Amino acid sequence: MRRFLTIGLLIACACSACHSGDARGPQGAVVSRPGDALTFAVIGDYGDSGRRERAVAELVAGWNPEIVITLGDNNYPHGEASTIDANVGQYYHRFIAPYHGRYGPGADVNRFFPCPGNHDWGTGNLDAYLDYFELPGNERYYTFTWGPVDFFALDSDDHEPDGVDATSAQARWLESALAASHAPWKVVYLHHPPYSSGPHGPERSAEWPYHAWGADVVMSGHDHIYERIERPDGLYFVNGLGGSRQRYPIEEAVEGSALRFNARQGAMRVEATPTSMRFTFITARDEIVDTRTLTHEPADAGGPPPTAAAQASPSSMRK
Ligand SMILES: [Zn+2]
């Protein structure tokens, strides 16, 4: 823990230097909040203004998370500047900084970290998104640190100029960024699912060796379902029920699929400490669908053995 805090403070110092000297690298971490614990929310395929998005946003607000990350498709239907504030700021303005929209106050510092989806690229460019959000690095894919977690947001859309397959410049960046990370937890997130039992199915170009490179978990959207996938290489989630008016059917289960759910919109709450990270998918009616906990092996042999617990309810889940 002490080691982590030291690292966090060092990054924080580098960070303020970046702001004053404007020397940040193309994908550098410009956000760092040291701390022992972090609660964050994960929403996917949500930017579809209306009662479904509102219900999920109210659920998320009730958790009082420090930050929100998104799994893409922030701005239906075409990613236009004319719709982005109604689709995003209307529900999440309190997490966004700087916030220049018309729905109320923004955050003190930015607490909203999206990744782009295909709908955000819907005009053929990402201009509306890049103008609306102020994000680290090149803003399309980037890393930042918050509490015990290093986050790595990717751009999995084919328009991405640095490429989207495992040999792309973007993938090389991720590999080196993960190798350079000393955080207790490394969370990778992107829109297109490397593995999914939804109708979009596995996105082959997104099947990178994330876990071999050091990731603890990979989260994606695009299919409007919730799924936990326990592959031999590691843990994956699909989480695309954040507020779109469409929920998708579930098709043939992919390898490692441990739980699939599509009965209602919802979001994930993640609680991280230096030694554990607990993922919970909760519906807009406050039903817990799935819980999964990752723990690091204890440093001393006298501690409890590492555990991985999962439970599921309610009856509407499909196993
Ligand atoms: Zn999509």
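The expected span of a helix is 1.5 Å times one less than its number of residues. Keep that rule at hand for these exercises on a predicted model.

**Exercise 1. Check the length of α5, then work out which way it faces.**

Task: compare the span expected for the twelve residues of α5 with the distance between its end C-alpha atoms.

Solution. Start with the rule: at 1.5 Å a residue, α5 should span 16 Å. Next, take the end C-alpha atoms, which lie 17 Å apart, so the two values agree.

Now turn to burial. Gln170, Ala171, Trp173, Leu174, Ala177 and Leu178 are the buried residues of α5. Looking down the helix axis, these buried positions fall within an arc of 155°, and therefore they line one face of α5. Ala169, Ser176, Ala179 and Ala180 are exposed on the other side.

What do the buried residues of α5 pack against? Their partners are β5 (142-146), β6 (149-153) and β7 (185-189).

**Exercise 2. Find the centre of contacts in the nonpolar core.**

Task: which residues touch the most other members of the largest nonpolar core?

Solution. This core holds 81 residues, and Val42 and Val68 have the most contacts with other members. Helix α5 (residues 169-180) supplies its largest share, five residues.

Then look at Val68 itself. Beyond four places in sequence, Val68 contacts Phe40, Ala41, Ile43, Val60, Tyr92, Phe95, Arg111 and Phe112. One of these, Tyr92, is also among the buried residues of α3.

**Exercise 3. Describe helix α3.**

Task: how far does α3 reach, and what does it pack against?

Solution. Helix α3 (residues 81-92) has twelve residues and reaches 16 Å from first C-alpha to last, close to the 16 Å expected. Its buried residues are Ile84, Asp85, Asn87, Val88, Gly89, Tyr91 and Tyr92. These pack against α2 (51-63), β3 (67-70), β4 and α4.

**Exercise 4. Place Trp121.**

Task: is Trp121 buried or exposed?

Solution. First locate the residue: Trp121 sits in the loop between β4 (112-113) and α4 (127-132). Next, count its C-beta neighbours inside 10 Å; there are 23. The cut-off for a buried residue is 20 or more, so Trp121 counts as buried.

Finally, list its surroundings. Leaving out residues up to four places away in sequence, Trp121 touches Gly79, Pro116, Leu126, Asp157 and His159. His78 is 43 residues away along the chain, yet its C-alpha atom is separated from that of Trp121 by 7.2 Å.

**Exercise 5. Trace the pairing of β9.**

Task: which strands pair with β9, and in what sense?

Solution. Begin with β10 (residues 234-239): six bridges join this strand to β9 (residues 226-231), and the two run antiparallel. Two residues lie between β9 and β10, which form a hairpin. Tyr226 has Asn239 of β10 as its bridge partner.

Go on to β11 (residues 257-261), which pairs with β9 over four bridges, also in the antiparallel sense. Here Ile229 is bridged to Ser257.

**Exercise 6. Weigh the confidence along the chain.**

Task: what is the mean pLDDT of the protein chain, and where is pLDDT under 50?

Solution. The mean is 87, with 83% of residues at 70 or more. Over residues 1-26, however, pLDDT is below 50, and this stretch has 27 contacts in the model beyond near neighbours in sequence. Residues 300-319 also stay under 50, with 29 contacts beyond four places in sequence.

Note on methods. Residues numbered from 1 in each chain as written. Predicted model: local features only at pLDDT ≥ 70, side-chain atom pairs only at ≥ 80, totals over all residues. Core = buried A, V, L, I, M, F, W, Y, C linked by C-beta atoms within 7 Å. Buried ≥ 20, exposed ≤ 12 C-beta atoms within 10 Å, placed from the backbone. Contact = placed C-beta atoms within 7 Å. Arc of directions from axis to C-beta. pLDDT = per-residue confidence, 0-100. Pairing = 2+ DSSP bridges.
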